[in-house]
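Visitor: Could you take me through this one, with a close look at a single part? I'd like the overall picture, then one helix.

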Amino acid sequence: MELIGMESDPDIEESGAGPSVRKNHLQYSRYPGAVKQKAYLFDGNGNYYNKEWDLAPGKGKEFCWYHVELSKDYEKLTQVAQYLIRILCPPLKLQDILSLVCNGPFCGYVDGALVFRVNLPRPASSKFTFRISARVTENSIITVSLGRVARLGFSPANKSLLSEIPAVENSMHGMANGTQGCVINERLLESLLTMNHSEEVDNRVPRSVSNLVVHIIDTHVDHLQDVLTALEMELDTIEIDLDRGGFGLKKQALDERILPKMNLDLQRLLQVIAHSEQVFPRVKEKCSLKQWFDQEDVNALEELVAQTRRLKENIGFVANRITAIQAGLDSWQAEQIHRKLYFISFLSVIFLPLSIITGVFGMNVGGVPWTGQRNPETKEGFRNVIILGIATLAIVLLCFTFPALYRRIVAWQHRKQLTRNWSISWRPFARSAGLHGDRAEKAGYLRL
């Protein structure tokens, strides 16, 4: 893709799908570095070419694809609308721009074209914020995405890293297997393991607009799967580190709120998947009514809808894991607090009696009523103060224990009343049954 507002090599870019090549003209913008754009022309026979950005539809079997890639550093949604107005108008109208830019899920017809979008609001810089929208007609498709979507574009063939013979990097002996090949370091291999798809050069070139629609939705679902896979790997690393780590690592995880932030990112991902689950079935339903949309591609859309639902279930499992790990951290934090409170209580047990003794025997009772300290012959002032303190303590304890005593008294009276009512009700029944005295005591049953 070429960057709008920046110079590039004017050489012709070749495609490995066919011998024909066409020149890709740059479109300059008032907003340098904000938008990338790419235009493809497909001949309907499995070949594609880069073409100029003229937004013209294809003719006959040919169809065109115009893709706009937005940067993730925009501040307002109005800026995105201005970018698109600059490069898409004319021939698009304002209602077309608004249908591609607005937030939230949408699928419907705008000015005769099928428009669907899965756009999340800000923050745009987050890797869990997704925006993908498309305007589909019989001979052209216009798409807008936020940031790069893996495997969305097309590249010349025979240049795929996945088609190379790999070799493991060895710091002492060069390549470990001793054969020539493409050396794969650990960082690159870790990056490739998070991919749920092949590279752009391995994409099957669409032969119809319906193939291209399936390709766009497929790459969007794969992108969501890649993000979820990376999140799961990060969660695995955090879980292992917390199991092996000590006090400092767990305290850092709690202070930096790593798991709550991860749960928030997961909710953003769940939101975009929920929007996709709403939009894609409607896209399949509306596309199935088109004569130019192949039945095989309708079935492929149905499979992508099912894959989106399975992805939503997997997010539920990851959310449960995050909740379980966070619960373990909260339990560990509560245990640390209880341990500190235990030491504080132990120190209180040691020093509280000393405090009571020093407080009691250090009292100055001079001038206190009923102590008689003004009379030198009275020596019972300290005793009177102790008795007064004990009486006050008894009154306070009685105030605290009064509700429990009141409930016990009420329960005792209630049981006594029930026993009395049962005794009163039993006497007429025993008299009518002929059970009196010893006979009532010896009878083991009542005659019906």
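Visitor: To start, what percentage of the 448 residues of the chain count as buried? After that, please zoom in on helix α2.

Guide: Sure. Keep in mind that this is a predicted model. Of the chain's 448 residues, 35% count as buried. The fold is built from 9 helices and 11 strands. If you take the contacts with a separation of 6 or more, 63% of them come from residues 24 or more positions apart. On the outside, the chain exposes about 27600 Å², and carbon and sulfur atoms supply 56% of that.

Now for α2, which covers residues 94-101. Its buried residues are Asp 96, Ile 97, Ser 99, Leu 100 and Val 101. They pack against one helix, α1 (77-88), and against the strands β5 (104-110), β6 (113-119), β7 (131-136) and β8 (140-146). As for spacing, an α-helix has 3.6 residues a turn, so residues three or four places apart point the same way.

Cys 102 has 30% relative accessibility, so it counts as partly exposed. Cys 399, at 56%, is exposed. The disulfide count for the model is 0.

For contrast with those buried α2 side chains, have a look at helix α7 (residues 295-361), where Leu 347 sits. Leu 347 is partly exposed, with a relative accessible area of 45%. It belongs to a nonpolar surface patch together with Tyr 342, Phe 343, Phe 346, Ile 350, Phe 351 and Leu 354. The patch adds up to about 760 Å² of accessible area.

How values were computed:
Residues are numbered from 1 along each chain as its sequence is written. This is a predicted model: local features need pLDDT of at least 70, side-chain atom pairs count only at pLDDT 80 or more; totals for chains, interfaces and linings use all residues. Side-chain values use heavy atoms; hydrogens and water are left out. Helices (H or I, at least four residues) and strands (E, at least two) are DSSP runs, numbered from the N terminus. Buried means under 20% relative accessible area, exposed over 50%, partly exposed in between (1.4 Å probe, protein chains only). Contact means heavy atoms within 4.5 Å. Accessible areas come from the Shrake-Rupley method with a 1.4 Å probe; for residues, only the protein chains shown count as cover. A disulfide is a pair of cysteine sulfur atoms within 2.5 Å. Patches are made of residues with over 30% relative accessible area and no salt bridge: like charges are joined within 9 Å, nonpolar side chains (Val, Leu, Ile, Met, Phe, Trp, Tyr) within 5 Å. A salt bridge is a side-chain nitrogen of Lys or Arg within 4 Å of a carboxyl oxygen of Asp or Glu.
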